[in-house]
Amino acid sequence: VWHAPPPAGFGFEEARAFPGGFGELVTVVDVEFAWDPTHEDLLQLPVSALGGVADAQWAYHGTGVLGILGAGENGFGVTGAAPSAAIFVQHPYFEVGNAEVEYDVARAVVEALAVLSPGDVILLEQQSYGLADEFVPISIDPAVRDAIRAATAAGVVVVEPAGNDDVDLDDPAYEGAFLDDTGVIRVGGAGSSLGFNPLAREGSNYGSSVALQAWAEDIVTTAGPPLTDLYYPDEDARQAYTSRFGGTSGAAALVAGMVATVQSISLATRGAPLKPGEVRALLVASGLPPAAG
């Protein structure tokens, strides 16, 4: 359903009618802990990450996100938002010696930039702890904000989830960390057109820095244990699908897919991508209004 025209979905079916509408002219890097490169619907993606060390316990999450972004248009399973885009994974853990690793999202962004050009996309599927151990956007880290700012200056659009802990990101306690306009597209989570409260905020963090909302529930995508509700023949994770992917992780993946599609169409029809700020303004201006309240 999320491929359908609005308000039922996000219009990916309509985008296919335009040159570049399959995302074929852009590259997307997903900063992700892990994924299953053997999943039948992701076999067209590289089997290893650009860099970093995987954390396999989160493979189901990365598999779901990558399915939203770029599952193959192959006649089975699901089809991603930008199925012809070049899609890579960058892990945020890095070896530091003595079998130890450190978590460095800023480094992950900088390393991703090495393979990207103006019009490309970075999806930051990461979050951090706030002042009371609540989950907040990863850009609370000043180094991450600097890395996002560098990516934006290079013409690369960065998308990040707002987080799922019902936090007001405008709270003065955060000392303006989320009001520092790095150019990021920060995405909140809302009810799907299939749910009880379409367009209404669903437990997502919120505030003036959250540019958009997208579905935080009911997203059909590739997956693996424990998300195997839709299809899981013979308990084979390579064929697992879910109809329950969501949160601001799912919402941000949908928006990253929209960004990739818009930029690919712009490259095909105008010969140049939109600037990151132009993409954000376009999506905000053309979106549906949220539910009252």
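Two residues are in contact when heavy atoms of theirs lie within 4.5 Å of each other. I keep that meaning in mind throughout these entries, and I note at the start that the model I am reading is a predicted one.

**Entry on E111**

I looked up E111 and found it in helix α3, which covers residues 105-112. Setting aside the neighbours within four places in sequence, I found that E111 is in contact with Q90 and F94. I then asked how far E111 lies from W35, in sequence and in space. The two are 76 residues apart in sequence, and their C-alpha atoms are 19 Å apart in space. E111 has a relative accessibility of 29%, so I wrote it down as partly exposed, since that class runs between the 20% and 50% limits.

**Entry on salt bridges**

Side chains of opposite charge can pair when their charged atoms come close. How many salt bridges does a search of the whole structure find? I noted nine of them, and I followed three in detail.

I began with R145 and D180, whose side chains meet in a salt bridge with 3.2 Å from N to O. R145 belongs to helix α4 (residues 142-153), while D180 sits in the loop between β8 (157-161) and β9 (185-190), so this pair ties together parts that lie 35 residues apart in sequence. Is R145 buried or exposed? I recorded R145 as buried because its relative accessible area is 14%, and the limit for buried is under 20%. Its partner D180, at 27% relative accessibility, is partly exposed.

Next I turned to R244 and D229, which form a salt bridge in which the closest N and O atoms are 3.8 Å apart. R244 lies in strand β12 (residues 241-245) and D229 in the loop between β11 (219-222) and β12, so here the parts tied together are 15 residues apart in sequence. I noted R244 as exposed, at 62% relative accessibility, whereas D229, at 31%, is partly exposed.

The third pair I followed was R238 and D236, where the salt bridge spans 3.0 Å from N to O. In this pair R238 is partly exposed, with a relative accessible area of 45%, and D236 is buried, with 15%. I also noted that R145, D146, R149 and D180 are joined into one network by salt bridges that share partners.

**Entry on the pockets**

I then looked at the largest pocket, which holds about 1,100 Å³ of space. Its lining is made by 44 residues, and those nearest its centre are F10, Q213, L283, G287 and L288. Elements that give two or more residues to this lining are α1 (12-15), β9, β10 (212-215), α5 (247-270) and α6 (276-286). Which element gives the largest share of the lining? I found that it is α5, with five residues. By class, I recorded 28 nonpolar, 14 polar and two charged residues in the lining of the largest pocket.

The second largest pocket has a volume of about 560 Å³. I noted 22 residues in its lining, with F33, W58, Q126, Q127 and F135 closest to its centre. The elements that supply two or more residues to the lining of this second pocket are β6 (127-129), β12 and α5. Its lining divides into nine nonpolar, ten polar and three charged residues.

Definitions and conventions. Residues are numbered from 1 along each chain as its sequence is written. This is a predicted model: local features need pLDDT of at least 70, side-chain atom pairs count only at pLDDT 80 or more; totals for chains, interfaces and linings use all residues. Side-chain values use heavy atoms; hydrogens and water are left out. A salt bridge is a side-chain nitrogen of Lys or Arg within 4 Å of a carboxyl oxygen of Asp or Glu. Helices (H or I, at least four residues) and strands (E, at least two) are DSSP runs, numbered from the N terminus. Buried means under 20% relative accessible area, exposed over 50%, partly exposed in between (1.4 Å probe, protein chains only). On a 1 Å grid over the protein atoms alone, a cavity is a set of points where a 1.4 Å probe fits but cannot get out, and a pocket is an open set with protein on both sides within 12 Å along at least five of seven lines; lining residues have an atom within 4 Å of a point. Grid points are joined across faces, edges and corners, and a volume is the space filled by probe spheres set on the points. Ala, Val, Leu, Ile, Met, Phe, Trp, Tyr, Cys and Pro count as nonpolar, Asp, Glu, Lys and Arg as charged, and the others, Gly among them, as polar.
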